[in-house]
Amino acid sequence: MAQGARTLASTVPTAPTPAEHAHGAGMGDGNQHPMIAGLRAQLAAGCLARRDFLRLATLLGVSAASAASMAGIAAAQRAEAGVRGRGGRLVLGAQVQPLNDPHALAWLAPANIVHQVCEPLTRTGFDNITRPHLLRGWRAAPDLKAWDLYLRDDVTWRSGRRFVADDVVWNLRRLLDPATGSSALGLMRGYMLADKMQSGQQGTVAVPRLWDAGAIEKVDDFHVRLNLKSPQVAVPEHLFHYTNVMMDPEEGGRFGVGSNGTGAFSLEEYQVGARALLRARSDAGAGGRHPLLDELLLLDLGDEGSAAAGALVSGQVDGLVRCDYAVAEGLANHAELQVHHTRTAATAMLQMKVDQRPFDDPRVRRALRLAVDVEAVTRLALRGFGEPAEHHLVAPVHPCYVPLPPLRCNPQEARSLLAEAGYPGGLDLTITCKSWPQWELHAVEAMVEQYAAAGIRCSIEMLPPAQFWEVWDKVPLAFVEWAPRPLGFMLLDLTMRSGVPWNATGFADPELDALLDRVEAEVEVAARRPLMARIEAIMQERGPVVQPAWLSVVTVMSRRVGGFRLHPTTLLFAEDYFLMS
């Protein structure tokens with residue numbers, strides 16, 4: 001909810017570019033972690049792919065440069081045609097939606113504005129490797145229950161104040177406070193929080209709180225330690241989750257025009273549904289970085305693909321943050337434009353509220369999966385820019401993916417399951433979806449047609465994106481798009497773990513929760529796979545979603561835009577962009 005030179009689907013990883021090497025310095029070479037020797041032995045024996053070795057070694061604190069060297073991969077050089085310019089205004093077509101609280105954002109469009117001003121501690125790159133960003137590195141304890149985060153000492157807020165450990169502690173505590181409503185709880189609850197009994201008007205209830213008073217520990221001004229309740233391998237990747245930006249504690253969680261940040265830009269104008277203007281900092285950003293642009297202007301072009309295409313061709317905008325597949329196809333042969341696309345672990349799924357009839361019966365939920373032909377939905381809706389999914393949220397690009405026997409479309413079996421569940425006459429349902437991107441509506445229309453063969457009669461409630469995101473977690477049946485995550489268990493953590501903010505279905509499965517705890521404590525991919533196989537099977541048997549496809553993300557840019565690469569999340573890294581002369 002996207003990348004140029006390398007996609008997540010590559011079987012042999014592209015090496016980090018020189019710039020990624022520069023931002024990938026860990027704590028020394030990381031060889032002191034006892035698991036590194038084992039990973040190197042697995043790599044040498046051919047039991048571990050180079051992509052998986054790079055990801056795991058960097059998570060354990062090895063710099064990207066050292067990990068690439070261990071794997072025998074040379075640094076990639078990336079050339080830009082034309083002359084790199086400095087200054088100017090880059091204008092991109094985007095969706096300019098309400099910002100609200102950056103720590104509690106529900107989708108990526110407003111995050112693309114926030115991230116130019118406020119930054120995360122880490123970044124997961126175009127190669128799916130997570131590197132330090134506001135950190136200079138990290139160390140994981142041998143048991144993965146303590147993580148030392150070392151801050152860069154050259155970062156300042158735009159106000160001139162230094163970025164220090166107190167800022168990190170405040171932000172992490174706020175992100176993990178249930179009152180904030182951040183989806184970060186879905187990723188971090190299992191190892192950072194515990195249910196504490198609290199008295200209130202509803203009596204004594206269990207409320208998630210930090211599991212220990214010292215869970216987030218300031219060691220010194222540039223050193224924070226996370227003391228975990230249970231082992232966790234993916235802490236650096238969790239820190240890149242798009243809600244997890246560092247906001248200025250002095251502003252109390254408020255964000256808007258003029259807000260302080262460590263990023264390369266400041267927000268100068270913001271009109272919902274119209275425009276957002278970001279201006280480059282007059283001083284250097286983090287680590288002395290000066291953006292090459294003077295300004296970044298995001299214009300809301302609405303939901304019509306023809307309007308986006310027209311704005312590009314006429315020169316009203318220099319590019320699009322993201323576009324529909326039909327727009328990319330229509331502009332593919334335009335001499336002044338370039339189409340960018342990448343295969344990702346982004347997806348969308350039909351989410352059923354399990355506390356409402358008829359979705360409280362697992363037979364009904366399985367029937368809705370059996371009545372869908374995922375190959376046909378993918379072909380009709382994604383126009384060759386995606387691949388069929390298997391209803392369990394683990395993608396073939398994830399290192400711990402386990403192929404299961406195909407769950408074939410079977411309308412007759414779906415009818416039989418509905419009859420067993422007490423619905424011999426079928427069902428009448430309403431599916432709520434967004435009007436943009438258009439592939440979502442096309443996917444829902446394809447599923448509605450297929451459902452008719454199983455006696456499932458559906459109407460479609462189509463809403464503009466801004467209105468949809470106000471109700472996506474409230475309606476009984478919604479088709480919801482989800483951004484890609486680098487590890488197979490992360491989307492399950494966000495959406496299926498019991499009681500987390502983005503578990504909109506209300507699904508609660510103790511076996512699934514326990515399996516997620518176990519798989520997240522495992523570094524070795526081979527040890528994760530049997531656990532993931534059972535998780536995938538649970539989702540197919542009794543899960544609360546119908547997941548038809550994994551999608552590629554596409555956009556179009558003018559060829560005069562330099563430094564742009566399409567990230568799997570579609571997040572912008574505007575400090576790297578420039579206009580070529």
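Me: What phi does arginine 383 take, just after helix 12?
Reply: A positive one, of about 55°. Most residues other than glycine have a negative phi. Bear in mind that this is a predicted model: local features need pLDDT of at least 70, side-chain atom pairs count only at pLDDT 80 or more, and totals for chains, interfaces and linings use all residues. Residues are numbered from 1 along each chain as its sequence is written, and side-chain values use heavy atoms, with hydrogens and water left out.

Me: What makes helix 12 a helix, and which of its residues are buried?
Reply: Helices are DSSP runs of H or I with at least four residues, strands are E runs of at least two, and both are numbered from the N terminus. Helix 12 covers residues 374–382. Its buried residues (under 20% relative accessible area; exposed is over 50%, partly exposed in between, with a 1.4 Å probe and protein chains only) are Val374, Ala376, Val377, Thr378, Ala381 and Leu382. They pack against helix 10, strand 15, helix 14 and strand 19, with contact meaning heavy atoms within 4.5 Å.

Me: How do you know that aspartate 373 reaches glutamate 375 at the start of helix 12?
Reply: A side-chain oxygen of aspartate 373 comes to within 3.2 Å of the backbone nitrogen of glutamate 375. A polar contact is a pair of N or O atoms within 3.5 Å; within protein, one must be able to donate a hydrogen and the other to accept it, and residues adjacent in sequence count only if both atoms are side-chain atoms. So aspartate 373 and glutamate 375 make a polar contact.

Me: Why is threonine 344 called buried?
Reply: Its relative accessibility is 1%, so threonine 344 counts as buried. It lies in strand 14, and its side chain reaches the backbone nitrogen of alanine 346 at 2.8 Å. A polar atom of that side chain also lies 2.8 Å from the backbone oxygen of leucine 551.

Me: Is leucine 393 buried or exposed, and what makes it so?
Reply: Leucine 393 has 0% relative accessibility, so it counts as buried. Its phi is near 75°, a positive value in a residue other than glycine. Leucine 393 sits in the loop between strand 15 and helix 13, as does histidine 398. Histidine 398 touches leucine 393, with Ala345 and Arg485 also among its partners.

Me: And asparagine 100: buried or exposed?
Reply: Exposed, because its relative accessible area is 62%. Asparagine 100 also has a positive phi, of about 55°.

Me: Why are helix 17 and helix 18 called roughly antiparallel or roughly parallel?
Reply: Their axes (lines fitted to C-alpha atoms over the stretch in contact, with angles from 0 to 180 degrees between N-to-C directions) come within 10 Å and cross at roughly 155°. Angles under 35 degrees count as roughly parallel, over 145 as roughly antiparallel, 65 to 115 as roughly perpendicular and the rest as oblique. Helix 17 and helix 18 are therefore roughly antiparallel.

Me: How far can you trust the chain, going by pLDDT?
Reply: pLDDT is the predictor's confidence in each residue, from 0 to 100. The chain's mean is 89, and 91% of its residues reach 70 or more. Over residues 1–25, though, pLDDT is below 50, and this stretch has 93 contacts in the model beyond near neighbours in sequence. Where pLDDT is low, the predicted coordinates should not be read in detail.

How values were computed:
Lists of a residue's contacts leave out its neighbours within four places in sequence.
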